[in-house]
Structure formats: C-alpha cells, structure tokens
Amino acid sequence: MKGKIALEEHFGIPSFGEYASDLAAGLDQTIMRERLLDVTGRRLREMDEHGIELAVLSLTAQGAQAEPDAKRAVERAREANDFLAQEIVAKHPERFAGFASVALQDPIAAGDELKRAVTQLGFKGAMVNGYSNVVDRDTGEYYDLPKFFPFWERVETVGVPVYLHPRDPLPSQQLIYEGHPALLGPAWAWGVETATHALRLILGGVFDRFPGVNVILGHMGEMLPFAISRVEQRVAAFPETSKLRRPVSRYLQDNFYITTSGNFRTQALLNTMLEVGCDRILFAVDYPYEEMGTASGWFDSCPISEADRRKIGRTNAARLLKLDVPD
Ligand code: ZN
C-alpha cells in the first residue's frame, strides 16, 4: 500500500546518549545508532521503497523520562523538540512530523511544552516513555496520580494524542525477570509494564475526568486487546472500580488508539479489530528496532479488506493527527 503513515518511528540525538535504554538488546548497537541518527539516507530510501509517505518521529526511549532532575528534564525535552522541529521536520515537512518529548517530572511544565510544541513547532502530539524517574533512576511515578491531572487537562485542551511508549520496570521491581534477561525489554516486560500503566490510567479515572484524551499504545495494544475482557470481569468486584462511569473495555475502545508497531501478526490484528474496531488502529513500524520491509510486507498483504487497510495505513492517522493530506 502506498501513502502509509507510520506512527512509532524513532530518531536519536548524539547528546542524549545518557538516556538510551537497552532498546537495542540483541540487535547490533552500531547499526541501531547509525539508523537513529540518519534521516535523509537509508531511512528515506526505505520509506520510499515500502510505501511509507510520512513518519511521525519521536525521540528514542527513554528520553526525558529518564532524567531524575525535573528542571533538567524540562530543559532537555525542550532541546529535543527544537532539534526535531528545526533539523528534521522543517527540512522535510512532507515526509516527517513530530511527537513532542515532555518531562512529566513537572506536569505543569510538560503541559506548557506540549502546547508550545503543537502550536509553535507544529507537532502532532507527544510521546512519553512510561513512568518518569523522580529523585533517582529507581524511583518513578505513573500518570494516573492526581498530580498529573493538570497535564491531562492540557492534553485534552490542546486536542492531540499522547503515545504511551514502553520502558522497563523500575530496577528494584524486576525480580520476576531475574536469570532471564531475554524477557526484559521488548520481548515481554515492556508489554506488561505499559499495559499496566494504561490500566492505571483507566482505573485512576483519567478518562472520566478528561474524556477527550486519547492515548496511543504500540505493539498491538501491549496485550490489552487479548486480556481486556478478563480484566473487566475481575476488577468489577473491587470498590475502586465502582466509581468508573464506563465498563473497562469501553475506555479501551473510546480513549485509546492502537498501533501495529513491532507486532506484525495477522491473528493479533484481527483480535484487535474485533475488540476496538478498525477506526482506532494505526500503522507503525518501530524503526529502527523493526524493519520497514517486514512491517510493510506483512501489512500490505494481510487478509483484511482494502477499506480497512486504507484506514489503518493512512486515514485514521490523518484524522487523529489532523494532517493536511488527501485521503
Ligand atoms: Zn518504539
């Protein structure tokens, strides 16, 4: 399919190496680094080759979320956004758009930066890499806490989505992975971590307070479409869920978008279509950690209707991100 819009595509900035996670575990670090820093070479060539018209770029994890000093995190997020806007998007506005980095260590400043990034830099939303570190690298905060409500309020007002990207659980909370480092990172731990964070947002009432907020989940919904029915059934008995205005699965359908990043599996896509509908699914690769050829080869030929392929590959993203592109 030509004209695809891809939503979880990462870039790097050399001076942000201190915030790099173990994203490339098992992959060639040198190649990943080269591809993160490259924009106009191999990246654009591959986009052309595989029918990707526009890539919405985001700073590779863990970015601003890993800076425990709130003031510095705010400054560095701003620096990353200026780089993306000036050095990449402004030079190739037809091929690249931006998701902003925001430092949730300071929820008010994060909201201000989101607004600046959208209104002044033309960004299409924000990407956050899981919890934000506070104080040190083994302390974190999840965004269902009331202190983050001003940020979500700003997200709703600005009217752009927030992509909740994975990161590993806090170092002190990785006992279950001990002796099995293969299960940390993208294979398993990220999915559990991110799905749990998304459920915290639902149970924490974020979408009841701010029903216009849209959160994007990658990797075919971080396992939630498969699990949501059981979650809904089992949380219903707990007092904390009695105040929720909708059944848990409705929040997944109404307040989330789900991308195909790194999960190029027809069975998983069909399950996601059945749970949330094809209007809320978006194409993504997760470049450079995944190959554009693998993602596109699968997506372009997977057995769904051409109308659904068009929605997932292009028009849903154009609508959600308010892109000025033809259908
Ligand atoms: Zn990613």
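**View 1. Thr266 in helix H12 (residues 266-276)**. Helices are DSSP runs of H or I with at least four residues, strands are E runs of at least two, and both are numbered from the N terminus. The model shown is predicted: local features need pLDDT of at least 70 and side-chain atom pairs count only at pLDDT 80 or more, while totals for chains, interfaces and linings use all residues. Residues are numbered from 1 along each chain as its sequence is written, and side-chain values use heavy atoms, with hydrogens and water left out. Thr266 has a relative accessibility of 16% and therefore counts as buried (buried is under 20% relative accessible area, exposed over 50%, partly exposed in between; 1.4 Å probe, protein chains only). Setting aside residues up to four places away in sequence, Thr266 touches Trp298, Cys302 and Pro303 (contact means heavy atoms within 4.5 Å). Trp298 is 32 residues from Thr266 along the chain, and their C-alpha atoms are separated by 8.2 Å.

**View 2. Packing of helix H9 (residues 224-235) on H12**. The two axes are 9 Å apart and make an angle of about 45° (axes are lines fitted to C-alpha atoms, for helices over the stretch in contact, with angles from 0 to 180 degrees between N-to-C directions). H9 is therefore oblique to H12 (under 35 degrees is roughly parallel, over 145 roughly antiparallel, 65 to 115 roughly perpendicular, the rest oblique). From H9, the residues Pro225, Phe226 and Ile228 meet Asn271, Thr272 and Glu275 of H12. By class, this contact has three nonpolar, two polar and one charged residues (nonpolar: Ala, Val, Leu, Ile, Met, Phe, Trp, Tyr, Cys and Pro; charged: Asp, Glu, Lys and Arg; polar: the others, Gly among them).

**View 3. Helix H3 (residues 70-89) beside helix H4 (residues 107-119)**. The helix axes come within 11 Å and cross at roughly 10°, which makes H3 roughly parallel to H4. H3 contributes Val74, Ala77, Arg78, Asn81 and Asp82 to the contact, and H4 contributes Ala109, Glu113 and Arg116. These residues divide into three nonpolar, one polar and four charged. Asn81, found in H3, has a relative accessible area of 1% and so is buried. Apart from neighbours within four places in sequence, Asn81 is in contact with Ala100, Ser101, Glu113, Arg116, Leu121 and Phe123.

**View 4. Leu104 in the loop between strand S3 (96-101) and H4**. The relative accessibility of Leu104 is 0%, so this residue counts as buried. Its contacts, not counting residues up to four places away in sequence, are Gln65, Ala110, Val128, Ser132, Tyr143, Phe148 and Phe151. Between Leu104 and Phe148, which are 44 residues apart along the chain, the C-alpha separation is 7.8 Å.

**View 5. The zinc ion and its donor residues**. Coordination is by Glu8 (OE), His10 (NE2), His165 (NE2) and Asp286 (OD), at 2.0 to 2.2 Å (donors are N, O and S atoms within 2.8 Å of the metal, or 3.2 Å for Na, K and Ca; water is not among the atoms, so sites may look incomplete). The angles subtended by the four donor atoms run from 86 to 174°, which makes the arrangement irregular (four donors are tetrahedral if all angles lie between 85 and 135 degrees; four are square planar and six octahedral if opposite donors are over 155 degrees apart and all others between 65 and 115; anything else is irregular). The sequence spacing of the donor residues is E-x1-H-x154-H-x120-D. His10 in strand S1 (residues 4-11) and Asp286 in the loop between strand S10 (281-282) and helix H13 (292-301) are 276 residues apart, and the pair links distant parts of the chain. His10 counts as buried because its relative accessibility is 1%; Asp286 counts as buried because its value is 6%.

**View 6. Backbone exceptions.** Most residues other than glycine have a negative phi, and most peptide bonds are trans. A cis peptide bond with omega of about 5° joins Ala61 and Gln62, and Gln62 is found in the loop between strand S2 (52-59) and H3. Tyr287 and Pro288 are also joined by a cis peptide bond, with omega of about 5°; Pro288 is in the loop between S10 and H13. Val135, not a glycine, has a positive phi of about 75°. Val135 lies in the loop between strand S5 (132-134) and strand S6 (136-141), and at 70% relative accessibility counts as exposed. Glu222 has a positive phi of about 50° and is not a glycine either. Glu222 is found in helix H8 (residues 219-222) and, at 4% relative accessibility, counts as buried.
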